[in-house]
Amino acid sequence: MKGRAYQLLRSCLGDKDAPSARSAFIYARVIMRARVVPEEITPALDDPEIERRLEHALEEILRRA
């Protein structure tokens, strides 16, 4: 789905203008776990593999948090 990877990645930061330290740390862990380059994740991206990796990383990390 177009833009889903972008939404998943941004979901770790929350809705605030400046992310909290916890949100920024989770964001960094998701990036490393999913092996993605944040600059390449745009609203126009449509890559089911990246979406799957981000979903898996988020589930794993948030389950432990």
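Contact here means heavy atoms within 4.5 Å. With that in mind, let us walk through this predicted model, starting with its helix pairs and then turning to single residues.

**Helix α1 against helix α3**

Arg4, Ala5, Leu8, Leu9 and Ser11 in α1 meet a set in α3 made up of Ile50, Glu51, Leu54, Glu55 and Leu58. Sorted by class, this contact of α1 with α3 holds six nonpolar, one polar and three charged residues. The two axes come within 9 Å and cross at roughly 20°. Angles under 35 degrees count as roughly parallel, and α1 and α3 are therefore roughly parallel to each other. The handedness is left: α1 passes α3 in a left-handed crossing.

**Helix α2 against helix α3**

Helix α2 covers residues 21–34 and helix α3 covers residues 48–64; their axes come within 9 Å and cross at roughly 135°. That makes α2 oblique to α3. Here the crossing is right-handed, as α2 passes α3. On the α2 side, the residues that meet α3 are Ile26, Arg29, Val30, Arg33 and Ala34, and their partners in α3 are Arg53, Leu54, Ala57, Leu58, Glu60, Ile61, Leu62 and Arg64. By class, the contact of α2 with α3 counts eight nonpolar, no polar and five charged residues.

**Helix α3 itself**

How far apart are the end C-alpha atoms of α3? They are 25 Å apart, which agrees with the 24 Å that its 17 residues should span at 1.5 Å a residue. The buried residues of α3 are Ile50, Glu51, Arg53, Leu54, Ala57, Leu58, Glu60 and Ile61. These buried residues of α3 pack against α1 (4–11) and α2. Leu54 and Leu58 deserve a second look: both are on the α3 side of the contact with α1, and both also appear on the α3 side of the contact with α2.

**Cysteine 12 and tyrosine 27**

Cysteine 12 lies in the loop between α1 and α2, while tyrosine 27 has its place in helix α2. Are these residues buried or exposed? Cysteine 12 is buried, with a relative accessible area of 10%, and tyrosine 27 is buried too, at 19%. The cut-off matters for the tyrosine, because buried means under 20% relative accessible area.

Leaving out residues up to four places away in sequence, cysteine 12 touches Ser23, Ile26, Tyr27, Val30 and Leu58. On the same terms, tyrosine 27 touches Leu9, Cys12, Leu13 and Pro38. Cysteine 12 can also be placed relative to isoleucine 61: the two are 49 residues apart in sequence and 10 Å apart in space, C-alpha to C-alpha.

**The loop between α2 and α3**

Three residues in this loop are worth a visit: arginine 35, proline 38 and alanine 44. Their accessibility is set out below.

| Residue | Relative accessible area | Class |
|---|---|---|
| Arginine 35 | 60% | exposed |
| Proline 38 | 23% | partly exposed |
| Alanine 44 | 52% | exposed |

What is notable about the backbone of arginine 35, with its phi of about 55°? The sign of that phi is positive although arginine 35 is not a glycine. As background, most residues other than glycine have a negative phi.

Which residues is proline 38 in contact with, leaving aside its neighbours within four places in sequence? The partners are Leu9, Tyr27 and Ile31. Proline 38 and serine 11 are 27 residues apart in sequence, and their C-alpha atoms are 13 Å apart in space.

For alanine 44, the reference point is tyrosine 27: the pair is 17 residues apart along the chain, with 20 Å between the C-alpha atoms.

**Putting the pieces together**

A short chain of contacts links several of these places. Leu9 of α1 meets α3 as part of the helix contact, and tyrosine 27 touches Leu9. Proline 38, from the loop between α2 and α3, is in contact with both Leu9 and Tyr27. Cysteine 12, in turn, touches Tyr27 and also Leu58, and Leu58 is one of the buried residues of α3.

Notes. Residues numbered from 1 in each chain as written. Predicted model: local features only at pLDDT ≥ 70, side-chain atom pairs only at ≥ 80, totals over all residues. Heavy atoms only, no water. Axes fitted to C-alpha atoms, helices over the stretch in contact; angles between N-to-C directions. Helix = DSSP H or I, 4+ residues; strand = E, 2+ residues; numbered from the N terminus. Parallel < 35°, antiparallel > 145°, perpendicular 65-115°, else oblique. Left-handed = near helix turned anticlockwise from the far one by under 90°. Nonpolar A, V, L, I, M, F, W, Y, C, P; charged D, E, K, R; others polar. Expected span 1.5 Å × (residues − 1). Buried < 20%, exposed > 50% of the residue type's maximum accessible area, 1.4 Å probe, protein only.
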